Amino acid sequence: MFGLQNPKTFFNFSDQNIFWLKVIFFLTAIIGLVFSLFISPKDYLQQDAVRIMYVHVPASWISLFIFAVISFSSFLSLIFKIRVFSVYAKSLAPIGLVFAFISLSTGSLWGYPTWGTFWTWDARLTSMLILFFTYVLYVVLWKWIKNYFFAEKITNIVGIIGFINLPIIRYSVDWWNTLHQPSSITINSAPTIHTSMLFPLLVMFFSFCILSLLIFLMRYKYEIISFKNSRYDN
Amino acid sequence: MTIEIFKTNFVWLFVITSYLITFFSLFVLYFRSAQKLSAITHLEISKDREIKRFSSASSQEI
């Protein structure tokens, strides 16, 4: 499958492209920050508080996407016993955890000026908090369980079970009456936000994606080397 | 300019805090990952050197 089952695929890619990924991230982050903090217009209702959207929304998308990849990798690893997929999942988990944390904390900071509260137990916020704790559990299990193969099996199960939460997060705003607003950008329909706000949002999203890929490549390389070392040591 | 913004608009405090949390968290994650990778790569290089030194020393002894 696109050579993904071969550990060398990303190993070679990281050696050749880390420098260029850093350059692209740096440039897109600067453009994204300038647009989101200074050039994009104020919202007619939320005023400048809307600028939090440019970090909150991309962080939420990435944390959801990463968990979907973790679930898919866990499934392949558990069913087909292709070990490299669990290494992908293990390398991605801390990145997803940090983005879930960013999503929750910036969402909370956005909530205060717009809703008048930092936190409410509504469906979207609660399901996102569950995703954050699933990430915590996933990362902690890898740290706590010393036997690699047992840790791999348990975390694969957590990765697969955690997938149930993803559609709940996505459709929570449609299924329940929530304080959280419905999605402004969906795959099936045209976005309901103006281009002047959509552009910085997409630039920040692209920038965070590049940074995620960069961190993933470093962590993947580390995991492969340490796995190889542990096999030689035992 | 920034001071004026804070004086005139309290909302900017929330905006700036959000951006600081975001970039600080990502910065910490990036540097911890880079640090771990560089530590293990150095270990690999020193291991290789050890092996080479050991093999050359033993061949001289032989």
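Which residues have the most contacts inside the largest nonpolar core? In this predicted model, they are A:I52, A:L92, A:I95 and A:F99, and the core as a whole has 57 residues. Several elements build this core: α1 (8–39), α2, α3, α4 (123–144) and α7 of chain A, together with α2 (11–61) of chain B, each supply at least two of its residues. The largest share comes from α3(A), with 16 residues.

One of the residues named above, A:L92, shows what such a position touches. Leaving aside neighbours within four places in sequence, A:L92 is in contact with A:I66, A:V69, A:I70 and A:F216.

The packing of the helices of chain A comes next. The axes of α2(A) and α3(A) are 7 Å apart, and the two helices pack at an angle of about 155 degrees. Angles over 145 degrees count as roughly antiparallel, and α2(A) and α3(A) are therefore roughly antiparallel to each other. The crossing in which α2(A) passes α3(A) is left-handed. By class, the residues of this contact comprise 18 nonpolar, eleven polar and one charged.

A second partner of α2(A) is α5(A), the helix of residues 148–162. Here the axes come within 8 Å and cross at roughly 130 degrees. That angle makes the pair oblique, because it falls outside the ranges that count as roughly parallel, antiparallel or perpendicular. Again α2(A) passes its partner, α5(A), in a left-handed crossing. On the side of α2(A), the contact is made by A:F67, A:I70, A:S71, A:S74, A:F75, A:S77 and A:L78. From α5(A) come A:E152, A:N156, A:G159, A:I160 and A:G162. Sorted by class, the contact of α2(A) with α5(A) has five nonpolar, six polar and one charged residues. A:I70 of α2(A) takes part in this contact and is also in contact with A:L92.

The remaining part of the picture is chain B. Chain B has 62 residues, of which buried residues make up 15%. Its secondary structure comes to two helices and zero strands.

How many residues does each chain bring to the contact between chain A and chain B? Chain A gives 26 residues and chain B gives 20 residues. On the side of chain A, the elements that give two or more residues are α2 (53–80), α3 (83–115) and α7 (195–233). The most comes from α3(A), with eleven residues. The residues on this side of chain A divide into 18 nonpolar, four polar and four charged. Thus α3(A) gives the most to the side of chain A that touches chain B, and α3(A) also supplies the largest share of the core.

Terms used: Residues are numbered from 1 along each chain as its sequence is written. Chains are lettered from A and ligands numbered from 1 in the order in which they are written. This is a predicted model: local features need pLDDT of at least 70, side-chain atom pairs count only at pLDDT 80 or more; totals for chains, interfaces and linings use all residues. Two residues are in contact if their C-beta atoms, placed from the backbone, lie within 7 Å. Helices (H or I, at least four residues) and strands (E, at least two) are DSSP runs, numbered from the N terminus. Ala, Val, Leu, Ile, Met, Phe, Trp, Tyr, Cys and Pro count as nonpolar, Asp, Glu, Lys and Arg as charged, and the others, Gly among them, as polar. A nonpolar core is a set of buried Ala, Val, Leu, Ile, Met, Phe, Trp, Tyr and Cys residues joined through C-beta atoms within 7 Å. A residue is buried if 20 or more other C-beta atoms lie within 10 Å of its own, exposed if 12 or fewer, and partly exposed in between; C-beta atoms are placed from the backbone. Axes are lines fitted to C-alpha atoms, for helices over the stretch in contact, and angles run from 0 to 180 degrees between N-to-C directions. Angles under 35 degrees count as roughly parallel, over 145 as roughly antiparallel, 65 to 115 as roughly perpendicular and the rest as oblique. A crossing is left-handed if the near helix is turned anticlockwise from the far one by less than a right angle, and right-handed if clockwise.
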